[in-house]
Amino acid sequence: MIRRDMPDVLGIETNCFEFAWSEDDFIRCLRQRNCIGMVAECDERVAGFMIYELHKNRLHILNFAVHSDYRRNGIGNTMMRKLLGKLSQERRNRIMLEVRETNLEAQLFFKSLGFKAISVLRDFYDDATEDAYLMQFRYQPTAEELAAPHNRITRMAG
């Protein structure tokens, strides 16, 4: 996500959410060292975006949306698969996010990717009296990863 993407991102944001982030919200978030912005483009137009934070052992999705004209075309799946590809057994092994209790479409989307609701966050939002579901995806190591030694040092000197 770069500065020139911001008008399209803001358009998607206001189109998708009743309580949309402002441009200042995006800029404040993206100026943080551990915050990453990703966009998906179709025909040189921003079709979707994701904002996530890097933490020591997890990724945390803060904002995610696909333009209504591009939904059900695999764009959200593609963005999520890219993020899932960043997980590993050794480092960041899970993805967390909060979803409004009224956003059934998002709940079902993330559930279809293997996310599970692990708790209810009561009165979570500042803009409305609404609960959120805390959802999590846990990385599942392959048999080869489980069999491999966890120590990166394979040979000792001397």
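## A tour starting from Val66

Select Val66 and show what surrounds this residue. Leaving out residues up to four places away in sequence, Val66 touches Ile12, Cys16, Ala47, Gly48, Arg71, Ile75, Gly76 and Met79. Bear in mind that this is a predicted model.

Now colour by secondary structure. Val66 lies in strand E3, which covers residues 59–66. Is Val66 buried or exposed? Val66 counts as buried because its relative accessibility is 9%, under the 20% cut-off.

Add Met96 and draw a C-alpha to C-alpha distance. Val66 and Met96 lie 19 Å apart in space, with a sequence separation of 30 residues.

**Next stop: helix H3**

Select residues 75–84, which make up helix H3. Three contacts of Val66, namely Ile75, Gly76 and Met79, are among the buried residues of H3. Which other residues of H3 are buried? Add Met80, Leu83 and Leu84 to the selection. Look at the spacing along the helix. An α-helix has 3.6 residues a turn, so residues three or four places apart point the same way.

Keep those side chains on and show their partners. The buried residues of H3 pack against strands E1, E2 (45–54), E3, E4 (94–100) and E6 (132–138). Helix H4 (104–112) is another packing partner.

**Then the surface**

Stay with E1, one of those partners. Strand E1 spans residues 35–42 and contains Glu41. Select Glu41. Its relative accessibility is 48%, so Glu41 counts as partly exposed; exposed would require over 50%.

Extend the selection to Asp8, Asp43 and Glu44. Together with Glu41, these residues form a surface patch of negative charge.

Select every charged side chain next. The chain has 23 positive and 23 negative charges. How far apart are their mean positions? The two mean positions are separated by 10 Å.

**Zoom out**

Show the whole chain as a cartoon. Five helices and six strands appear. Trace them from the N terminus: the order is α-α-β-β-β-α-β-α-β-β-α.

Fit a box along the principal axes. The C-alpha atoms fill roughly 60 × 35 × 30 Å.

Switch to a surface view. The chain exposes about 10300 Å², and carbon and sulfur atoms supply 47% of that area. Colour by burial instead: 37% of the 158 residues count as buried.

Finish with a contact map. Take contacts between residues at least 6 apart in sequence; 54% of them join residues at least 24 apart.

How values were computed. Residues numbered from 1 in each chain as written. Predicted model: local features only at pLDDT ≥ 70, side-chain atom pairs only at ≥ 80, totals over all residues. Heavy atoms only, no water. Patch = residues over 30% accessible without salt bridge, like charges linked within 9 Å, V, L, I, M, F, W, Y side chains within 5 Å. Areas by Shrake-Rupley, 256 points an atom, 1.4 Å probe, with all protein chains shown as cover. Salt bridge = Lys/Arg side-chain N within 4 Å of Asp/Glu carboxyl O. Lys, Arg positive; Asp, Glu negative; His and termini not counted. Charge placed at Lys NZ, Arg CZ, Asp CG, Glu CD. Helix = DSSP H or I, 4+ residues; strand = E, 2+ residues; numbered from the N terminus. Buried < 20%, exposed > 50% of the residue type's maximum accessible area, 1.4 Å probe, protein only. Contact = heavy atoms within 4.5 Å.
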